[in-house]
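Could you walk me through this model, stop by stop, while I have it open in my viewer? I would like to know what to select next and what is there.

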Amino acid sequence: MATSKLRKAARIILIGAPGVGKGTQTERLLQRFPQLAAISSGDLLRDNVRNKTPLGIQAEALMKRGALVPDSMILRLIRNALTTRGWLIPADGIQPITLNSMAASAELSGGADNDALGRDGYVTIPPELDMEYRYSEHPDASFILDGFPRNAVQATQLESMVPVNMAIHVHTPAEIIAERMSNRWVHPASGRVYNTTFHAPKVEGKDDVTGEPLIQRDDDKPEVWRSRLKTFEESSRGLLEHYESRGVLWKVQGNSSDEITPKLFAEFQRRFGL
Ligand code: AMP
């Protein structure tokens, strides 16, 4: 596939129902625009679950039943991922823990953020507490966030660190997604996704690259998917309004990923392409 260069930093989020193909569109955008990189909040969480980190253990039960994990938890993951990649630079670095900062943090987050204390004995100050961040406008500092933010609170928290300049709402009718989900298989180690109707693995039940077995994700099962869809519909309303009011929301519709991709590429090229 031909690749294209960007003329400015693209800071993209994808909003769409579970199974709409956000991951597929992300992969395709990355191939076409190599300056882009992506972070998926679901993948970050699944890594933590697989590695049985304290955060993963807390998140697992919630994820299994299709509920969202706490905002404080996901924000911490994303902030770490953004800073590790150098897309976000804390102006003051992390602050040493003091009793006052602990109390302030607990108070401002309604006491819910009891996981603010890192294992290294430092508290990562939530961004709304005067934390200042810098980010680059260079095209190489471009990114796509898939699955984050999921609600208006997360969007506001992200905004206080780095402003999104295009929010892409990917829409496909729910019945079509439901049908597709029942045919979806993944290779857990790599995250490669297959679909037995339109993107079947070369050998049934096996990953094309490694030959390892494919599995169906627990949260792709029909009853869990319905519950995730409901969660999406409830939480995305505020999210869409948030980006609409900031003038960065763009909606793309189609019954399949292949229908959506060309529209997305054209608009993306128009906004960010060289
Ligand atoms: P996904 O792969 O994006 O559908 O995410 C899988 C699961 O991870 C979701 O059902 C949630 O339980 C959790 N999750 C992912 N992203 C978020 C987020 N931004 N906020 C809260 N929970 C999330």
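Here is a short tour that starts at the ligand and moves on to helix contacts and two backbone details.

This is a predicted model, in which local features need pLDDT of at least 70 and side-chain atom pairs count only at pLDDT 80 or more, while totals for chains, interfaces and linings use all residues. Residues are numbered from 1 along each chain as its sequence is written, and side-chain values use heavy atoms, with hydrogens and water left out.

**Stop 1: the ligand.** Select the ligand and the residues with a heavy atom within 4 Å of it. You should find 16 residues, the closest being Ser41, Ala67, Gly147, Gln154 and Arg228. They divide into 7 nonpolar, 4 polar and 5 charged (Ala, Val, Leu, Ile, Met, Phe, Trp, Tyr, Cys and Pro count as nonpolar, Asp, Glu, Lys and Arg as charged, and the others, Gly among them, as polar). Helix 2, residues 41–50, gives the most to this shell, with 4 residues. Helices here are DSSP runs of H or I with at least four residues, strands are runs of E with at least two, and both are numbered from the N terminus.

Now show the polar contacts, pairs of N or O atoms within 3.5 Å. A ligand nitrogen sits 2.7 Å from an N or O atom in the Ser41 side chain. Ligand oxygen atoms are also paired with side-chain N or O atoms, at 3.0 Å for Arg46 and at 2.6 Å for Arg228. Taken alone, the ligand exposes 480 Å², and the protein buries 95% of that (Shrake-Rupley method, 1.4 Å probe).

**Stop 2: helix 2 and helix 3.** Next, select residues 54–64, helix 3, alongside helix 2; their axes come within 8 Å and cross at roughly 115° (lines fitted to C-alpha atoms over the stretch in contact, with angles from 0 to 180 degrees between N-to-C directions). In contact, meaning heavy atoms within 4.5 Å, are Gly42, Leu45, Arg46, Asn48 and Val49 of helix 2 and Leu55, Gly56, Ala59, Glu60 and Met63 of helix 3. By class, this contact has 5 nonpolar, 3 polar and 2 charged residues.

**Stop 3: the loops.** In the loop between these two helices, pick Lys52, where phi is near 50°, a positive value in a residue other than glycine. Then go to Pro149, in the loop between strand 7 (142–146) and helix 6 (152–159). A cis peptide bond joins Phe148 to Pro149, with omega about -5°. Most residues other than glycine have a negative phi, and most peptide bonds are trans.

Notes
A polar contact is a pair of N or O atoms within 3.5 Å; within protein, one must be able to donate a hydrogen and the other to accept it, and residues adjacent in sequence count only if both atoms are side-chain atoms.
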